[in-house]
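Let's take a look around this one, starting with its aromatic rings and ending with a pair of helices. The sequence and structure come up next.

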Amino acid sequence: MNTDVILKAQDLFFSYDDGASYALSGLSVDIHRGQKIALMGANGSGKSTFSLCCTGICKPQRGTLYFHGQPVAYDKKSLLALRSKVGIVFQDPDNQLFSASVYQEISFGILNLGVSEQQARDEVEAVIGALEITPFRDKPTHALSGGQKKLVSIADILVMHPEIIILDEPSAALDPKHTQMVNRIVAQMTEAGITVIMATHDVDYAYAWADEVILFHEGKVLLHGAPDVVFSDHDALHKTNLHPPTVLSLFERLCNKGVLSPDLPCPRDLDTLENYLTDAMHK
């Protein structure tokens, strides 16, 4: 197995109803170290189930999940080791937060790894400062706003220095201010070399942000590749109830009208598209 592949799913099957139907039906995919990966697809396509399998919360009935080339084991010790390196932030933070205070919540996971209280304290203080949680560090978790809960749920994972972090619709139900904060934190994660896997329905964000896009359909991977390749496949997008990103649609229309050359690299953002248009006007 490639050393570049940090997580590998091979022919995974998972059913919630004893085989009457399958949320995953032979799913295979390689996740490469240090990549920004967008998981996309219609509701019920298998994205969330795959994410739960990656952290050992769900155990596939068939198939094998590999982490660093080794099959994932499901005994208590092995799962603890896996979850210290592969963390998940749920769409609804209330499904993740359970401690009495913010400080206790963030310290819970790292203390379970067996580190000293002093090291745990240092790590917790560092992540509280980095995520600007200090103003509400002593509040009860149930008294936080939705955006604050999301930051704490991310801190829960970051404090353990994960190699992979999975984010399920990280901006869901957030106001613009907290959406920007979460996006900034995600950028910091990738700069730190963490492999970030994000389940999202936001095609514009995924197109601009991701290194790779994985389209899920009926419990399998329908398409996996670079954003410009995936989002240019209109048949695959139709199957997954997605639409092309705005920037890519505009670029394709301008190319069809002869305003821009189709030989140009697909623009990933509006600034690049604007530069193309400026250059075309001066020729």
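## An exposed ring and its buried partner

Y16 counts as exposed, because its relative accessibility is 54%. Keep in mind that we're working with a predicted model here. F14, on the other hand, counts as buried at 8% relative accessibility.

The structure holds 7 aromatic pairs, and F14 and Y16 make up one of them. Their arrangement is edge-to-face, with 80 degrees between the planes and 4.8 Å centre to centre. So this pair joins a buried ring, F14, to an exposed one, Y16.

## A tilted pair across the sequence

How far apart are the ring centres of F50 and F216? They sit 5.8 Å apart, and the planes are at 45 degrees, so this pair is tilted. That angle falls between the 30 degrees under which planes count as stacked and the 60 degrees over which they count as edge-to-face.

Where do the two residues lie? F50 is in helix α1 (residues 47-54) and F216 is in strand β9 (residues 212-217), so the pair ties together parts that are 166 residues apart in sequence. Buried or exposed? F50 counts as buried at 1% relative accessibility, and F216 counts as buried at 1% too.

## Helix α1 in its surroundings

F50 has plenty of buried company in its helix: K47, T49, S51, L52, C53 and C54 of α1 are buried as well. With 7 of its 8 residues buried, α1 is largely enclosed by the rest of the structure.

If you're checking backbone angles, have a look at G56, just after α1: its phi is positive, at about 80 degrees.

## Helices α5 and α6

Now for the helix pair. The axes of α5 (residues 146-158) and α6 (residues 176-191) come within 10 Å and cross at roughly 15 degrees. The two helices are therefore roughly parallel to each other, as the cut-off for that label is an angle under 35 degrees. The crossing of α5 past α6 is right-handed.

Which residues make the contact? On the α5 side they are G147, Q148, K150, L151, I154 and L158, while α6 brings in H178, M181, V182, I185 and M189. By type, the contact residues divide into 7 nonpolar, 3 polar and 1 charged. A bit of helix geometry is handy when reading such a list: an α-helix has 3.6 residues a turn, so residues three or four places apart point the same way.

Notes: Residues numbered from 1 in each chain as written. Predicted model: local features only at pLDDT ≥ 70, side-chain atom pairs only at ≥ 80, totals over all residues. Heavy atoms only, no water. Axes fitted to C-alpha atoms, helices over the stretch in contact; angles between N-to-C directions. Helix = DSSP H or I, 4+ residues; strand = E, 2+ residues; numbered from the N terminus. Parallel < 35°, antiparallel > 145°, perpendicular 65-115°, else oblique. Left-handed = near helix turned anticlockwise from the far one by under 90°. Contact = heavy atoms within 4.5 Å. Nonpolar A, V, L, I, M, F, W, Y, C, P; charged D, E, K, R; others polar. Phe/Tyr/Trp six-rings, centres within 6.5 Å; stacked < 30°, edge-to-face > 60°. Buried < 20%, exposed > 50% of the residue type's maximum accessible area, 1.4 Å probe, protein only.
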